[in-house]
Amino acid sequence: MEASIDLARPARPATARVAVWLLLGVVFVLFVLCLLAYAMRMRLGDWRALPLPWQLNVSTAMLILSSASLQWASVAARRGGRCARGALFAAFVFAAAFLAAQAWAWQALVAQGRLASANPSNGFFFLLTGLHALHVLGGIVALLLAGRRGERLGLCALYWHGLLAVWLLLYATMAWLTPAIVDFICGVA
Amino acid sequence: MHDSHDAPHGFWTRYVFSQDHKVIAIQYTVTALAVGLVGLVLSNLMRLQLGFPGHFDFIDANRYYQSLTQHGMIMVVYLLTAILLGGFGNYLIPLMIGARDMVFPFLNMLSYWVYLVAVLVLLASFVVPGGPTGAGWTLYPPQSILPGTPGADWGIILMLVSLLIFIVAATMGGLNYVTTVLQARAEGMTLFRLPLTVWGIFMATILALFAFPALFVSGVMLLFDKVLGTSFFMPAIVSMGQPLAYEGGSPLLFQHLFWFFGHPEVYIVALPAFGIVSDLISTHARKNIFGYRMMVWAIVAIGVLSVVVWAHHMFVSGMNPAFGFFFAVTTLIIAVPTAIKVYNWLLTLWRGDIHLTVPMLFALGFISMFAIGGLTGLFLGNVSVDIPLSDTYFVVAHFHMVMGVAPILVIFGGIYHWFPKVSGRMMNDTLGRWHFWLTFVGAYAIFFPMHYLGFLGMPRRYYAYENYAFIPESAHTLNAFITVAALVVAAAQLLFLFNLAWSARRGRLASANPWGATTLEWQTPDTPPGHGNWGAQVPVVHRWAYEFSPPGQARDFVPQNAPPDAPVE
Ligand code: HEM
Ligand SMILES: [Cu+2]
């Protein structure tokens with residue numbers, strides 16, 4: 001029987017899109033749970049707020065640029081435009097720059113002797129940035145495998161935007177959440 | 001990635017690094033059964049100590065706690081979760097929905113290999129210095145990472161790493177299963193025509209996708225506490241006369257996170273079992289399932305509620321009474337859809353043309369075990385009764401019957417049921433019956449008396465009970481009896497393993513649809529199904545999965561893909 005016909009056909013784009021949304025849901029839950037733990041831990045007596053390293057601003061900018069470039073690349077590739085390559089290359093470079101800036105922030109903290117064990121807020125900093133960086137790294141691998149096909153780039157871009165949103169959430173929480181706010185939310189004010 | 005348009009040819013791509021969901025399902029199943037065997041042996045070690053204390057020097061207190069922990073973890077995660085989702089899910093989802101494979105075959109293959117790594121890391125903890133962790137399967141800090149607990153150096157690290165790897169594997173698989181059900185159903189296979197097996201596995205997978213992250217987070221944080229010296233969970237502690245560097249953390253935080261996984265986990269195991277058992281009962285009683293839509297909604301409701309109930313485990317940790325009441329109520333509410341399912345099974349059986357095949361025996365065994373174990377659970381869901389019985393053998397008996405033995409019975413039933421499709425041969429019936437009766441009666445003999453031990457106040461997680469005045473002599477006799485029963489049950493599993501191995505090569509040849517089932521997996525052109533499952537044409541579905549004994553038909557079932565106007569045979 002020579003009848004494997006549509007078997008080897010790669011998954012339909014719509015199918016892959018469902019999977020990426022699902023994956024983003026799982027990733028989102030993962031980080032929200034981390035932040036839940038963060039909020040609960042923060043209310044205990046020994047918490048000291050961590051002055052966030054300024055390098056995070058650099059990394060945030062890099063991630064935004066990477067997300068935007070990838071979006072551009074995917075749109076351009078779908079239209080068959082010529083600038084897709086350049087935009088894709090830029091997305092890679094900015095993503096790598098993001099990771100480098102995160103590593104720089106780590107290095108700055110370590111240089112100040114603020115290791116993970118110094119205070120739970122430091123521990124969470126390494127935990128959250130580390131887990132997030134792993135997800136970015138996974139995305140880069142996926143992007144390397146994706147080639148230059150428009151719909152695949154679109155999926156990668158979707159994942160990228162998701163990770164950007166997660167990062168902004170993490171950053172905002174680490175920068176602005178205080179025990180007083182948590183108490184307020186829990187109604188213990 | 002999957003470029004070739006033909007079935008793979010070489011041995012390696014066909015049987016080892018295969019992307020075919022059927023091969024991956026077998027790999028998952030065999031691996032899970034193998035590691036489950038380790039869990040079974042560990043339970044027998046514990047029983048030897050409990051039944052005949054002092055007779056077996058090689059089981060010291062540390063070994064006991066290590067066996068306890070590894071037994072619990074292996075059974076819940078590496079056996080039940082893996083075999084139900086990775087084994088049954090992988091085999092049945094594409095075949096039952098009329099797909100040629102999972103939508104991401106490569107990811108599917110990866111999921112298995114990552115699972116295998118998780119299992120190997122887990123087993124490695126048995127040979128590292130200090131042995132595996134003995135902190136109890138809940139791995140509660142602080143003691144799980146403190147000296148004095150067996151395996152607090154290497155064992156706990158390997159345990160946590162193995163769990164993290166397992167979660168990665170489960171997520172890869174889970175994304176695949178859910179997307180496949182949503183996107184790859186054959187023409188005509190609406191959601192309300194799906195067999196309940198698929199519904200159960202589908203819902204359980206969604207639960208797994210969103211509950212395992214909680215275990216992941218608690219695992220990573222505990223690993224940080226252990227390896228990097230953070231104090232997420234660790235309070236200031238003096239250990240063996242030395243103050244440790246930890247301060248200020250909260251073990252309760254771990255418990256919250258852990259049970260955010262632990263509670264849904266019960267249903268991650270239960271829902272596939274519910275689904276499978278519904279299909280076994282309907283097929284072997286030649287009757288449509290009673291209240292199909294109600295069954296589907298019950299599965300969905302249980303899935304949603306089970307996330308809400310997580311904190312009912314916190315009763316003992318002392319929580320805000322208002323919350324305690326809330327969770328007690330939800331625990332009772334979750335009993336409603338569960339009870340509906342039990343009634344519907346019974347009503348399906350009522351006046352059915354019951355064929356007492358081996359799969360049917362196991363399905364009936366499940367209902368009995370689950371209903372009786374579930375009733376005792378109502379005692380535990382009630383706040384006022386929970387306190388004196390919690391942490392006694394009453395609890396051990398309850399959860400073993402409901403979420404230990406009951407799903408295992410379904411798994412056996414499922415294997416006997418689908419083996420003819422998987423291998424093209426029938427399993428031996430006589431051996432199957434022996435296996436059923438020994439396991440079923442034996443399991444009652446093990447776990448029923450434990451309720452009584454619980455009422456006597458016998459605490460769980462104790463290595464030795466000799467010096468407790470309140471435990472009467474009769475309890476020790478009972479313990480010896482339970483141990484003997486446990487050894488018999490364990491030995492009976494050899495019958496099963498022999499039957500599997502022997503029947504795979506020598507069993508009677510099976511026809512394509514030996515049970516007269518309606519679902520698509522029995523309508524494949526080849527048995528076992530070939531690469532791509534369906535030959536030239538994927539099936540088109542015309543009806544639900546439970547068209548049994550329709551009036552005016554010669555055969556007592558109509559397959560889901562039989563055309564509506566097919567001439568009556
Ligand atoms: C014949 C089969 C089995 C026997 C004889 C058995 C026996 C035992 C025993 C003696 C304990 C320890 C009680 C204690 O000291 O507190 C235990 C604990 C446990 N068992 Fe089983 N078991 C069996 C099957 C299963 C299965 C199929 C599961 C799957 C869910 C399971 C899950 C557990 C869990 C989660 C614990 C608790 C571990 C802990 O407290 O950390 N067991 N079992
Ligand atoms: Cu629970």
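Biologist: Which atom of ligand 1 is 3.2 Å from the side chain of B:Tyr393, and how do I read such a pair?

Modeller: Read it as a polar contact, that is, a pair of N or O atoms within 3.5 Å. Here an oxygen atom of ligand 1 sits 3.2 Å from an N or O atom in the side chain of B:Tyr393. B:His71 also uses its side chain, with an N or O atom 2.8 Å from a nitrogen atom of the ligand. B:Trp137 uses a backbone N or O atom instead, 2.8 Å from a ligand oxygen. Please keep in mind that this is a predicted model, where local features need pLDDT of at least 70 and side-chain atom pairs pLDDT 80 or more, while totals for chains, interfaces and linings use all residues. Residues are numbered from 1 along each chain as its sequence is written, chains are lettered from A and ligands numbered from 1 in written order, and side-chain values use heavy atoms, without hydrogens and water.

Biologist: How many residues surround ligand 1, and which helix gives the most?

Modeller: A residue counts if one of its heavy atoms lies within 4 Å of the ligand. The shell has 24 residues, with B:Tyr64, B:His71, B:Trp137, B:His400 and B:Arg461 the closest. Helix 3 of chain B gives the most, seven residues. Helices here are DSSP runs (H or I, at least four residues), numbered from the N terminus. Helix 2 (21-51), helix 3 (61-97), helix 12 (393-423) and helix 13 (429-455) of chain B each supply at least two shell residues. By type, the shell has 15 nonpolar, six polar and three charged residues.

Biologist: What does B:Trp345 contact beyond its sequence neighbours?

Modeller: Contact means heavy atoms within 4.5 Å. Beyond four places in sequence, the partners of B:Trp345 include B:Phe274, B:Ile289, B:Met295 and B:Phe366. In the largest nonpolar core, which has 241 residues, B:Trp345 and B:Phe366 are among those touching the most other members. Such a core is a set of buried nonpolar residues (Ala, Val, Leu, Ile, Met, Phe, Trp, Tyr and Cys) joined through side-chain atoms within 4.5 Å.

Biologist: Which parts of chain B does the salt bridge between B:Asp556 and B:Arg286 tie together?

Modeller: A salt bridge puts a Lys or Arg side-chain nitrogen within 4 Å of an Asp or Glu carboxyl oxygen. In this one, N and O are 2.8 Å apart. B:Asp556 lies in the segment after helix 14 (473-506) and B:Arg286 in the loop between helix 7 (251-284) and helix 8 (292-308), so the pair links parts 270 residues apart in sequence. B:Arg286 is buried at 3% relative accessible area, whereas B:Asp556 is partly exposed at 28%; buried means under 20%, exposed over 50%, and partly exposed in between (1.4 Å probe, protein chains only). Within helix 13, B:Arg433 and B:Asp429 are four residues apart, about one turn, and their side chains form a salt bridge at 2.9 Å.

Biologist: Where should I look for unusual backbone geometry?

Modeller: Most residues other than glycine have a negative phi, and most peptide bonds are trans. B:Arg286 has a positive phi near 50°. B:Arg351, in the loop between helix 9 (321-349) and helix 10 (358-381), has phi near 60° and is exposed at 73%. The bond joining B:Pro141 and B:Pro142 is cis, with omega about 0°, and B:Pro142 sits in the loop between helix 4 (105-124) and helix 5 (155-183). Another cis bond runs from B:Thr527 to B:Pro528, with omega near -10°.

Notes. A polar contact is a pair of N or O atoms within 3.5 Å; within protein, one must be able to donate a hydrogen and the other to accept it, and residues adjacent in sequence count only if both atoms are side-chain atoms. Ala, Val, Leu, Ile, Met, Phe, Trp, Tyr, Cys and Pro count as nonpolar, Asp, Glu, Lys and Arg as charged, and the others, Gly among them, as polar.
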